[in-house]
Amino acid sequence: MVSRVIPVDPFDLVIFGGTGDLARRKILPGLYRRFVAGQMPEDARIIGAARGEMDQAGYQAFVGEAIAEFISEKKRDAETVAAFLERLNYTPIDARGEGGWDALAKMVRKEAITAFYFSVGPGLFGDIATRLHKHKIATPESRIVVEKPFGRDLESAKALNAVLAESFDEHQIYRIDHYLGKETVQNLMAVRFANVLFEPLWNAQYIDHVQITVAETVSVGGRGGYYDKSGAMRDMIQNHLMQLLCLTAMEPPSKFDPDAVRDEKLKVIRALDAVPTENIVRGQYGADGDGPSYVEDSEDPESRTESFIAMKVDISNWRWKGTPFYLRTGKRLKARMSEIVVHFKETPHSIFDEDAGSHANILSIRLQPDEGMDLRVTIKEPGPGGMRLVDVPLDMTFADALGPEAADVPDAYERLIMDVIRGNQTLFMRGDEVEAAWAWTDPIIEGWITRGDKPKTYDPGSSGPEDALMLLHRDGRRWREISA
Ligand code: NAP
C-alpha cells in the first residue's frame, strides 16, 4: 500500500487543558504520531494552556513523559522526540480569569491556521470561547474543538450552542465525537456508498435488524462522581451509539461534504420514534471478587444511574420501517468490544431441504478491539454428503487485504485533529444534530425519573441483565456474543 500522507498547512494549536488526562493519553501522543508520519509542516506549533505554573522546558518534559508512556519504543528515537518537543510551548492561564490571555495572544500567529482545543471540563467551554473572542485571539477563520459532553440535556446543549455562537460561527466549531474518527466508521460509509453491492439491500426489505454494541470491561471506579450524574444514556447512547446508528441508517448524501453528510444524519435522528418503557433495559453492575458494585463506586447507595442500557429503537421512515435497531452499552461486561452488526433477512424461499438449516448473511463492522469488517455468506460445505450449507466469513480485515501498513491506521483523535487543521467538519457534529439527539433522549430520561425506575443489577463479567437478552428473545432474535 502506498502511504499518502499529505502535509497540512502551518498551524498553531492551543490545547486548553494541555496537562490533563485526555491531552496526555490521546491528543499529544496523537500529534506526535502525525509528526512522525510527516504530516506536520516545519513551523507547526502546539501550545499547552492550563492553570498550573510551568515554563516551556517543564511542558516539554511533561509531554516527553507522555510520549514515553503511550508511544511504542520502536516509534520514538530520541532525535525524533526532541524535534517534536521543539514545537511545544506552554502558557499558564485560568479559563475563568482575565490574566494570561494577552500572553497567549502574543504567542499565537495571526497568519497561520489557529485551532483551540477545549480539553477541559464542560463547565469551561463557554468561558474559553468568550475570552478568546474578547481578547481578540481568535480570527474569523480560527477553529475551536469542543470535547464531550456537549450539554447534559436539550436545554443545556442549546445554552452552550448559544454561548459559542456569540463568539464563533458554526463553520468554526468542531464538536468532537471520537467514534467518528475511527477508520472502520469511515469504512462503513465507503462500503455503503462506494459499492453497488450493498445499497440496494440496505433497507427494511432485506435487513432484518441491526445491533450496535459498545461493551466495556472497566468500571466507573475513580470517576464515579462524574458518571453518576451522567449514566450510560447520556455518556454513550446520546452521542457515540447515536452517531453509529446515524451512519448506518442515513440516506446516501449527495456528496461527501460536511453539510450533506450532517443533513442526512439529522434526518435520521428526527425520524427516531419515542422509545416505550418496555423497549429499554437499564442495569447496574453488582460486586464481585475483582471490584465493588456500581453503587459503591458511585458512593451513593441510593443511586439509580445506569451503567448498562439496552434498547430497541425504531426509525419511522420508508427505508427502515419494521427493521429495529438494537443498541447496547455497558461497563464491567464480559469483554471490551464495539461493533455494528447488520443482520440480513433469510432468503424468501429455501430450495434446499430442511437439513440445510436456516441461514442469513451478516455484515459485522468491528470498531474495537481489532478494527475490521466481515461478511458472513452461506456456501456449500465442501465434499460429499449432499447439500450441506455452512456460513463462512469473507474477512475484510485491512491488514490482510492491504498489507501490514494498513493496520497501522491513525488513531481517531489524530485523524480528527488533522481534519480540524484542514478545515473539514464532515466527521464532527453540527449544533442542530446534537440538539436533535438530546430532544430524543430527554423524554426517556425524564420518564425514568418521574417513575422512579430502578436499574436491574447484573453480574460483573456478564452480558448485562437477563432482561436485556429477553429484549431480543421476545422478537425471536439473539444478541451477538460479547467477545474480544
Ligand atoms: P482532566 O484530566 O481533569 O484535565 C483537565 C485539564 O484542564 C487540566 O489540564 C487542568 O489543569 C485544566 N484546567 C482545569 N481548570 C482549568 C481552568 N479554570 N482554566 C484552565 N485550565 C483548567 O480532564 P480530562 O480527562 O483530560 O478531560 C478533559 C475534557 O475531555 C473533558 O471535557 C472530558 O469530558 C473530555 N473527555 C475526556 C476523555 C478522557 O479519556 N480523559 C475522554 C473523552 C472526553 P489545571 O488544573 O492545572 O488548570
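This briefing walks through a ligand site, a nonpolar core and a handful of individual residues. Keep in mind that the model is predicted. A good place to start is the ligand, which has 22 residues around it. After that comes the largest nonpolar core, a set of 110 residues. The last groups cover loops, cis peptide bonds and backbone angles.

**Around the ligand**

- Of the 22 residues that surround the ligand, the closest are T19, D21, R25, R51 and V120.
- Sorted by class, that shell holds 10 nonpolar residues, 6 polar ones and 6 charged ones.
- Which helix gives the most to the shell around the ligand? That's helix 1, covering residues 21-36, and its share is 3 residues.
- D21 reaches the ligand with its side chain: a polar atom there sits 2.8 Å from a ligand nitrogen.
- R51 uses its backbone instead, with an N or O atom 2.8 Å from an oxygen atom of the ligand.
- G17 also takes part through its backbone, where a polar atom is 3.5 Å from a ligand oxygen.
- How much of the ligand does the protein bury? On its own, the ligand would expose 880 Å², and the protein buries 73% of that.

**The nonpolar core**

- The largest nonpolar core counts 110 residues, and the ones with the most contacts inside it are L28, L31, F84, Y117, M311 and W440.
- Helix 9 (residues 231-249) is the top contributor to this core, giving 11 residues.
- Where does this core lie relative to domain 1 and domain 2? Domain 1 (11-147) and domain 2 (180-414 + 428-473) both supply residues to the core, so you'll find it between them.

**Three loop residues to look up**

- Q39 is in the loop that runs between helix 1 and strand 2 (45-50).
- Is Q39 buried or exposed? Its relative accessibility is 6%, and buried means under 20%, so Q39 counts as buried.
- The side chain of Q39 also makes a polar contact of 2.7 Å with the side chain of R34.
- D94 belongs to the loop between strand 3 (88-92) and helix 4 (101-107).
- With a relative accessible area of 34%, D94 falls between the 20% and 50% cut-offs, so it is called partly exposed.
- Try finding D94 and P410 together: they are 316 residues apart in sequence, and their C-alpha atoms are 32 Å apart in space.
- K110 sits in the loop between helix 4 and strand 4 (113-118).
- K110 is partly exposed too, at 46% relative accessibility.
- For K110 and T139, the separation is 29 residues along the chain and 7.6 Å from C-alpha to C-alpha.

**Cis peptide bonds**

- As background, most peptide bonds are trans.
- K148 and P149 are joined by a cis peptide bond, with omega at about 0°.
- P149 is in the loop between strand 5 (143-146) and helix 6 (154-167).
- Another cis peptide bond links Q368 to P369, and here omega is about 10°.
- Q368 itself is part of strand 12, while P369 is in the loop between strand 12 (360-368) and strand 13 (372-380).
- Q368 has a relative accessible area of 11%, so it is under the 20% cut-off and counts as buried.
- A polar contact of 3.2 Å connects the side chain of Q368 with the side chain of R336.

**Positive phi angles**

- Most residues other than glycine have a negative phi, so a positive value is worth a look.
- K136 isn't a glycine, yet its phi is positive, near 55°.
- You'll find K136 in the loop between helix 5 (125-134) and strand 5.
- Is K136 buried or exposed? It has 64% relative accessibility, and exposed means over 50%, so K136 counts as exposed.
- R332 isn't a glycine either, and its phi is positive at about 50°.
- The loop that holds R332 runs between strand 10 (325-330) and strand 11 (337-346).
- R332 is buried, with a relative accessible area of 11%.

Conventions
Residues numbered from 1 in each chain as written. Predicted model: local features only at pLDDT ≥ 70, side-chain atom pairs only at ≥ 80, totals over all residues. Heavy atoms only, no water. Near = heavy atom within 4 Å. Polar contact = N/O pair within 3.5 Å; in protein donor to acceptor, adjacent residues only side chain to side chain. Areas by Shrake-Rupley, 256 points an atom, 1.4 Å probe, with all protein chains shown as cover. Helix = DSSP H or I, 4+ residues; strand = E, 2+ residues; numbered from the N terminus. Nonpolar A, V, L, I, M, F, W, Y, C, P; charged D, E, K, R; others polar. Core = buried A, V, L, I, M, F, W, Y, C linked by side-chain atoms within 4.5 Å. Buried < 20%, exposed > 50% of the residue type's maximum accessible area, 1.4 Å probe, protein only. Domains from an automatic or database assignment.
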